[in-house]
Structure formats: structure tokens, C-alpha cells
Amino acid sequence: MGRGLAMSDVEAGGWSSWPAPAKLNLFLHVVGRRPDGYHDLQTVFRILDWGDTIHLRVGPAGPIRRIGPSAPGVEEAQDLVVRAAELLRSSANCPLSADIRVEKRIPTGGGFGGGSSDAATVLVALNALWGLHLPVEELAALGCKLGADVPVFIRGHNAWAEGVGERLTPLALAPAWYLLVDPGVHVPTPELFRAPDLTRDAAPAKIADFASGTLLDNAFEPVLRRREPAVEAVFKALARVGSPRLTGSGGGCFVEFDSLHAAERARSELPAELRAWVVGGAARSPLLDALAAMKV
Ligand code: C5P
């Protein structure tokens with residue numbers, strides 16, 4: 001059992017449970033293309049009080065195993081949670097084993113950050129459970145190797161982000177509630193970054209522009225709305241209850257409200273066939289609270 005782990009927090013059989021929250025991009029601009037093929041972005045990540053749960057059981061030297069199904073079409077060795085555990089183990093020279101079970105709530109491929117958050121939670125939790133004590137900077141750097149959206153979940157605070165999404169400045173965001181809709185459309189992110197009609201050269205913005213409420217657009221929105229009728233239909237339905245935005249490279253859409261009541265009422269006005277959720281914005285990631293609670 002890893003140091004820093006309170007026995008009361010471990011379920012029968014040695015399993016412990018860790019939150020992997022979803023995120024929204026409150027705006028997203030592409031500001032340039034890099035020599036390595038990636039793109040420089042400017043975005044604001046808002047962490048949500050809603051997400052997946054990762055169940056972990058650690059043991060002596062042995063394999064990393066995913067218990068239960070991986071995402072459809074994903075080989076176990078390619079699974080991001082397995083890759084996260086393997087990467088942490090090899091960089092820390094650690095022989096210990098882990099079983100990983102993912103309780104999925106976040107729709108995959110919608111821009112809600114589910115896969116990245118699952119991977120971040122595995123890095124943070126196994127660092128504690130295996131007693132590795134790698135500093136958060138090192139975990140964030142490992143996370144960035146797995147995906148550009150992983151570091152924000154490791155740091156666990158709402159943030160203004162630049163670079164590929166790894167240069168993070170903490171932001172204090174007002175409480176807010178979100179009506180989320182998943183149109184069920186998944187266009188692979190690299191394909192969208194290659195789209196000829198994507199605006200890749202937005203003028204660099206400043207945090208002050210976000211604070212003044214002028215940054216609300218997402219560079220992928222016009223691209224996706226033109227090519228995916230299901231996304232266009234969701235935008236039209238959401239426009240009747242508020243101001244819809246796209247998260248990440250989509251196709252997830254959301255509307256922000258300043259009360260739970262207003263968000264619930266808006267949901268009740270949507271066509272019943274839309275996959276919709278009402279969730280709260282978090283002041284900080286519930287993963288940080290889980291980590292603090294595990295410290296003895
Ligand atoms: O890092 P992630 O796995 O989310 O990226 C998937 C792909 O999206 C990358 O391989 C790259 O083609 C594209 N991408 C990009 N610029 C970014 C993030 C992703 O071009 N900032």
C-alpha cells in the first residue's frame with residue numbers, strides 16, 4: 001500500500017476511487033502552426049463538478065491491467081489510462097502493478113476532456129498510491145506526452161492556456177452552471193486541425209479580453225457547423241434557450257447560466273431526444289480534494 005493513503009479511503013479488495021472531472025473550453029482560438037505539426041492555441045479551461053470515476057488497485061511487481069472494456073476499438077495497450085500508468089511506471093523506475101477500472105460518464109470524443117482527464121487521474125492517483133512523490137511539474141510534463149489537454153487536469157485549476165494547452169495560468173472563475181449537449185458526432189481532432197476553412201491565425205488575445213467577456217468563440221465552431229448537420233441542429237435548438245458554444249474540437253455544445261434553476265429550466269425546454277446534462281462549474285478539480293483527503 002502506498003504511503004499517504006488512509007485505510008478508511010480504500011474499499012474492500014484494496015480498490016480506491018478517484019474523480020476524473022470533465023472540462024469545457026469557454027473559448028478557443030488557434031493562433032499559429034508549429035514546426036512539430038501541432039498548433040498553438042489560446043483557450044480557457046473550466047473544470048466541471050461532474051465526470052468519470054477511476055477505480056485503482058495497486059499491488060506488488062506485476063502488469064498494468066485495465067479491468068472492464070476499453071473504449072470501443074481501442075486495444076488495451078493503446079488505452080490512454082494504461083499508457084498513463086505505463087509511462088509513470090517507466091519514468092519512475094517502479095516495478096509495482098495496478099488494476100484500473102473506469103466508470104464512464106463523460107461522452108467520448110465530444111470535447112469534454114474525458115480521455116485526458118482519465119489519464120491525468122491515473123497519473124496523479126498512482127503517484128500517490130505507489131508512493132512515488134513525483135512533483136506536479138513532472139506529472140504535468142508526463143501528461144503532456146499523452147495529450148495536450150492532460151496537464152490542466154493534473155494541475156486541477158481553471159486556467160487560461162497557451163502553447164498546445166500546457167502553458168497554464170490559474171484563473172478564478174465565478175460560479176456557473178452549464179447545460180451540455182452531446183450531438184454524438186465525432187470528427188477526429190487532427191482532421192479538424194487540417195480543415196482548410198479553420199482560422200489558424202487569430203490575433204493573440206489577453207486574459208483581460210476574457211475577463212471583460214469579449215472572448216466567447218471557438219475556432220472549430222463554424223467548421224463543424226458547416227460539415228455536421230447534427231451539430232448545426234443542436235446549435236439551433238440551444239439558441240432558443242441561450243448562447244451556445246462549442247467545447248474543444250467538438251462536437252459537444254454548451255450554454256452557461258448563472259443559476260442551477262435557469263439551467264434546469266432551459267433543459268426542460270429542449271427537445272426530449274437531445275442528450276443533455278446540467279452540471280456545475282468547479283472552483284478547482286475534485287481530484288485535488290481526493291488527493292488531500294488521502295494524505296495522512
Ligand atoms: O494532444 P491530442 O492527442 O489531443 O492531439 C491530437 C491531434 O490533434 C494531434 O496529433 C494534432 O494533430 C492535433 N493537435 C494540434 N494542435 C494542438 C492539439 C492537437 O494540431 N494544440
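Where does the ligand sit? In this predicted model, the ligand sits in the largest pocket.

## Who lines the site

Let's start with the neighbours. The shell around the ligand is made up of Gly37, Tyr38, His39, Leu41, Gly147, Ala148, Val164, Thr189, Pro190 and Phe193. Sorted by class, six of the shell residues are nonpolar and four are polar, with no charged residues in the mix.

Two secondary-structure elements each put at least two residues into the shell: strand E2 (39-61) and helix H5 (189-194). Helix H5 makes the largest contribution, with three residues.

## Polar contacts

Now for the polar atoms. His39 has a side-chain N or O atom 2.7 Å from an oxygen atom of the ligand. For Ala148, the backbone does the job: one of its polar backbone atoms lies 2.9 Å from a ligand oxygen. Tyr38 joins in through its side chain, where a polar atom is 3.4 Å from an oxygen atom of the ligand.

How much of the ligand does the protein bury? On its own, the ligand would expose 450 Å², and the protein buries 73% of that.

## What the record adds

Further along the chain, an unreviewed UniProt entry carries the annotation "domain: GHMP kinase C-terminal" for residues 215-274. In the model, that span is 47% helix and 12% strand. The C-alpha atoms at the two ends of residues 215-274 are 27 Å apart.

Key. Residues numbered from 1 in each chain as written. Predicted model: local features only at pLDDT ≥ 70, side-chain atom pairs only at ≥ 80, totals over all residues. Heavy atoms only, no water. Near = heavy atom within 4 Å. Polar contact = N/O pair within 3.5 Å; in protein donor to acceptor, adjacent residues only side chain to side chain. Areas by Shrake-Rupley, 256 points an atom, 1.4 Å probe, with all protein chains shown as cover. 1 Å grid on protein atoms, 1.4 Å probe; cavity = no way out; pocket = protein on both sides within 12 Å on 5 of 7 lines; lining within 4 Å. Sits in = over half its atoms within 2 Å of the grid points. Helix = DSSP H or I, 4+ residues; strand = E, 2+ residues; numbered from the N terminus. Nonpolar A, V, L, I, M, F, W, Y, C, P; charged D, E, K, R; others polar. UniProt positions renumbered as here; feature names shortened; annotations may be inferred.
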